[in-house]
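Got your viewer open and a selection box ready? Let's take a walk through this model, one stop at a time.

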Amino acid sequence: MTGHGQHQVVIIGSGPAGWTAALYTGRANLKPVVFEGAAPNVPGGQLMWTSEVENFPGFPHGIKGPEMMGKFKEQALRFGTIVHQENIAKVDASKRPFHLTTESGDVITCDALIIATGATAKLIGLAKEMELMSAGAGVSACATCDGAFYKGEELIVIGGGDSAMEEAQFLTRFASKVTLVHRREEFRASRIMLDRARANPKIFFETNQIPHEIMTEKKTVGVFEKDWLVGLKVKHTKTHKEEIISAGGMFVAIGHTPNTKLFEGLLDMDDKGYLITRGQSSKTKIPGIFACGDAQDSIYRQAITAAGSGCMAAIDAERFLAGH
Ligand code: NAP
């Protein structure tokens, strides 16, 4: 890593919140340092898995998620942002300046820290789930990213919230049939989203069903033979009857986990791990540490709200530095 040493502002995370915080602190001449992350984290965050973003103002015809994140970064670089493609492994806030240690052991210090580490899609935890997902072999957590690969297939969506309804609805553009598997009778989804899904003739509901086992078969892809999902074994919560739902793909839409493990024991979090900020600000309980984006927002979780809170964190950091 280059650029060790002392900095005024370090930003961890490179989604809409991180880059917006960088843009604002950069324009305030604070020469921000962004740790944009390295594997297994994805620089750019969740939008890197999104095909079309249609609800970010200023792009009337939509824009591809990765292209949008490229533009965010370009704009932040224009104002002097320094970027490291590394993960931060440790934050020591017991002394000032704060000491941050990277995964490769380098230490960097800063007067103000902006956390913009985002959130990650949750998985069910079934055997083979992760393996098939990373191999792109029938398991996905993002319909907008992968839906188009499943033209004419029968698909499964797991979950009972708005995400599941939205994913199921979206997938009917490509699939011949979508089976929505939910573990309860009642849905967490909003009435309007549920009604829309129910009105869609391609969407079928399997309620009170617990995902139990992923069924696979060997499939030849080019010169390789690999395991592919061909169905999901589910177990009824009341009758305990097992059943296999055949499908060419399975989309997991059961919510997100904030990427805040690094701050356990350091900062206040809610029961799901979202960072708690004070009032209408990005201030955490430690003066000089600010949080923005999906790492502290369990409610809105939109690119535009993340960007807005990144701006708030930058302004809060700027005022903190001016006062110290
Ligand atoms: P969510 O509301 O927390 O729903 C998660 C769903 O997944 C629940 O139905 C839950 O079942 C189920 N689930 C969780 N863990 C599971 C497991 N291990 N196995 C099987 N099922 C499991 O999450 P979300 O749908 O992602 O929504 C999160 C927030 O974003 C909500 O506030 C939502 O309104 C919002 N959102 C809004 C929109 C929109 O308005 N366009 C779109 C997407 C999301 P239980 O119900 O049994 O717990």
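A quick word on names before you click anything: helices and strands here are DSSP runs, with at least four residues for a helix and at least two for a strand, and they are numbered from the N terminus. Keep in mind, too, that this is a predicted model.

**Stop 1: a cis peptide bond**

Select Pro97, which sits in the loop between β6 (88-92) and β7 (98-102). Now add Arg96 and look at the bond joining the pair: the peptide bond from Arg96 to Pro97 is cis, with omega near 0°. Why pause here? Most peptide bonds are trans, and most residues other than glycine have a negative phi. The second half of that rule leads to the next stop.

**Stop 2: two positive phi values**

Select Asn29, in the loop between α1 and β2 (33-35). Asn29 is not a glycine, yet its phi is positive, at about 65°. Is Asn29 buried or exposed? Its relative accessibility is 52%, so Asn29 counts as exposed.

Then jump to Lys128, in the loop between β9 (119-121) and α3 (129-134). Here phi is near 75°, again a positive value in a residue other than glycine. Lys128 has 33% relative accessibility, so it counts as partly exposed.

**Stop 3: the ligand**

Time to show the ligand and the residues around it. How many residues surround the ligand? There are 15, and the closest are Asp162, Ser163, Glu166, Arg184 and Arg188. Colour the shell by residue type and you'll get 3 nonpolar, 6 polar and 6 charged residues. Which helix gives the most to this shell? That's α5 (residues 162-171), with 3 residues.

Zoom in on three side chains:

- Glu166: an N or O atom of its side chain is 2.8 Å from a nitrogen atom of the ligand.
- Arg183: an N or O atom of its side chain is 2.9 Å from an oxygen atom of the ligand.
- Arg188: a polar atom of its side chain lies 2.6 Å from an oxygen atom of the ligand.

Switch on a surface if you like: on its own the ligand has 920 Å² of accessible area, and the protein covers 73% of it.

**Stop 4: helix α7**

Hide the ligand and select residues 303-323, which make up α7. This helix has 21 residues, and from its first C-alpha to its last it reaches 30 Å, close to the 30 Å expected at 1.5 Å a residue.

Which residues of α7 are buried? Among them are Ala303, Ala306, Ala307, Ser309, Gly310, Cys311 and Phe320. To see what they pack against, bring up β1 (5-12), α1 (16-27), α2 (65-77), β8 (107-115) and β19.

**Stop 5: the loop before α7**

Step back to the loop between β19 (289-291) and α7, and pick Gln296. With a relative accessibility of 18%, Gln296 falls under the 20% limit and therefore counts as buried. Beyond its neighbours within four places in sequence, Gln296 is in contact with Tyr274, Leu275, Thr277, Ala291 and Ser309. You met Ser309 a moment ago, as one of the buried residues of α7.

Stay in the loop and select Gln302. Its relative accessible area is 37%, so Gln302 is partly exposed. Not counting residues up to four places away in sequence, Gln302 touches Asn55 and Asp294. Try the distance tool on Gln302 and Asn55: they are 247 residues apart along the chain, but 9.1 Å separates their C-alpha atoms. Closer to home, the side chain of Gln302 reaches the backbone oxygen of Tyr300 at 3.0 Å.

**Stop 6: Ser282**

Go to the loop between β18 (256-258) and β19, and click Ser282. Buried or exposed? Its relative accessibility is 2%, so Ser282 counts as buried. Leaving out neighbours within four places in sequence, its contacts include Thr277, Ile289, Phe290, Met312 and Asp316.

**Last stop: Ile254**

Finish in the loop between β17 (249-252) and β18, where you'll find Ile254. At 31% relative accessibility, Ile254 is partly exposed. With residues up to four places away in sequence set aside, Ile254 touches Lys122, Leu123, Ile124, Ile158 and Gly159. Draw one more distance, from Ile254 to Gly159: the two are 95 residues apart along the chain, while their C-alpha atoms are separated by 4.9 Å.

Note on methods
Residues are numbered from 1 along each chain as its sequence is written. This is a predicted model: local features need pLDDT of at least 70, side-chain atom pairs count only at pLDDT 80 or more; totals for chains, interfaces and linings use all residues. Side-chain values use heavy atoms; hydrogens and water are left out. Buried means under 20% relative accessible area, exposed over 50%, partly exposed in between (1.4 Å probe, protein chains only). Contact means heavy atoms within 4.5 Å. A residue is near a molecule or strand if one of its heavy atoms lies within 4 Å of it. A polar contact is a pair of N or O atoms within 3.5 Å; within protein, one must be able to donate a hydrogen and the other to accept it, and residues adjacent in sequence count only if both atoms are side-chain atoms. Accessible areas come from the Shrake-Rupley method with a 1.4 Å probe; for residues, only the protein chains shown count as cover. Ala, Val, Leu, Ile, Met, Phe, Trp, Tyr, Cys and Pro count as nonpolar, Asp, Glu, Lys and Arg as charged, and the others, Gly among them, as polar. The expected span of a helix is 1.5 Å times one less than its number of residues.
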